[in-house]
Amino acid sequence: MSATATYAFQGKTILITGGAGEIGRATAHRFAADGATVVLLDINETKLTEVAQALKDGGSPVHTFRCDVTNPDQVKQVFAAAAEQTGQIHYVFNNAGYQGAFAKTDEYPEQDFQKVIDINVVGVFHVLKAAAQTLRDGGGGAIVNMASHAGVDGPPNMLAYAASKFAVIGMTQTAAKDLAPYGIRVNALSPSLIGPGFMWTRQTELQAGVGSQYFDADPKVVEQQMINSVPLRRLGKLAEVANGVAFLMSDEASYITGFNLDVTGGQ
Ligand code: NAD
């Protein structure tokens, strides 16, 4: 797939959770550039407003909702309001997530484990369920669940995150089977080292701080160690993640469901 490929999303609406975050924002711009109406959900209202303003300044139709994906009633209400405001939702990018603490398994904090599971598993379930009902009632569509390479191969010191992303891939496979009769495709996307950006900086700093045998104590050295583990020997760009989402939502992927697309530079 070429990095410059475009897909026609004119007249279509995509709802993106974690829409104020880096990948959410990049994906919103990608779909807006292809003509889509964008609906952004996030708990961070300040960032949500900023992202929405940038899209509006570019002339794109955008709707925003403050929504905590861990709250099922809120998710339900926001999906209903979004469908009413836009007429129909065609695509859902189930993307909100939290990276969690970095600690060895014997020291992993219980509260943080619960928080990661609440957002990345239970929250993803709430959004997946609301998406299934909304797209079913609209006559079909496509869902992309945000997983991670950590959901394919558990990295050191990320116990909760790995557990949560393995769960996302499992939910994707089951939902793809359950929703196929409604004309809804469900796929997962698994990026690995994406940057520069918040999660990249956070993970190199926190991995350096753990003091494990896998990474140096200097975040700058950790950056290089991580990049050296990628066959393409560079970080993935936010636009390359958005390209993956666009492909999975597009008609070009019309026979693809229950699939996990690795965006890992070959890792
Ligand atoms: P980010 O932190 O920039 O964005 C995440 C967004 O989710 C934030 O805007 C945050 O406010 C929102 N969010 C968190 N909890 C929420 C909740 N309860 N309800 C609603 N919104 C909530 O990070 P990102 O890099 O854009 O990550 C997006 C997704 O991609 C996550 O699921 C992450 O696990 C996944 N991912 C990221 C990378 C990476 O390297 N950046 C790699 C693999 C997977």
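In this predicted model, a nitrogen atom of the ligand sits 3.0 Å from a backbone N or O atom of V69. A second backbone approach to a ligand nitrogen comes from C67, where a polar backbone atom is found at 3.5 Å. The ligand also presents an oxygen atom, which lies 3.2 Å from a polar backbone atom of G21. The surroundings of the ligand comprise 26 residues, and those that come nearest are I23, D42, D68, N95 and Y161.

Turning to the overall layout, the chain divides into two domains, with domain 1 covering 13-192 together with 237-256, and domain 2 covering 193-235. Each side of the contact contributes residues: 17 from domain 1 and 17 from domain 2. The C-alpha centres of the two domains are 25 Å apart. Between them, domain 1 and domain 2 bury about 1,500 Å², and carbon and sulfur atoms account for 53% of this area. On the domain 1 side, 37% of the area buried against domain 2 is supplied by Q99, F102 and S192, a share that no other three residues exceed.

The polar side of this interface is worth a look too. Across the boundary between domain 1 and domain 2, 9 residue pairs are in polar contact, with both partners at pLDDT 80 or more. The count of salt bridges between the two domains is 1. The side chains of R234 and E240 form a salt bridge, with a nitrogen-to-oxygen distance of 2.8 Å. Among the elements of domain 1 that touch domain 2, helix α8 (residues 238-249) gives the most, with 3 residues. Sorted by class, the domain 1 side of the contact has 8 nonpolar, 5 polar and 4 charged residues.

Salt bridges in the structure as a whole number 5. One of the pairs in the model joins the side chains of E45 and R66, at an N to O distance of 4.0 Å. Because E45 belongs to helix α2 (residues 45-57) and R66 to strand β3 (residues 62-66), this pair ties together parts that are 21 residues apart in sequence.

Strand β3 also holds H63. The side chain of H63 makes a polar contact, at 2.8 Å, with the side chain of Q85. With neighbours within four places in sequence set aside, H63 is in contact with T37, V38, V39 and L40, and also with Q85 and T86. Q85 therefore appears both as a contact of H63 and, under the N or O distance limit of 3.5 Å, as its polar partner through the side chains.

Two details of the backbone round off the picture. Most peptide bonds are trans, and most residues other than glycine have a negative phi. Against that background, G195 and P196 are joined by a cis peptide bond, with omega at about 0°. P196 is placed in the loop between β6 (184-191) and α6 (198-210). N157, although not a glycine, has a positive phi of about 70°. The loop that holds N157 runs between β5 (141-146) and α5 (159-179).

Note on methods: Residues numbered from 1 in each chain as written. Heavy atoms only, no water. Domains from an automatic or database assignment. Contact = heavy atoms within 4.5 Å. Buried area = accessible area lost by both parts, 1.4 Å probe. Polar contact = N/O pair within 3.5 Å; in protein donor to acceptor, adjacent residues only side chain to side chain. Helix = DSSP H or I, 4+ residues; strand = E, 2+ residues; numbered from the N terminus. Nonpolar A, V, L, I, M, F, W, Y, C, P; charged D, E, K, R; others polar. Near = heavy atom within 4 Å.
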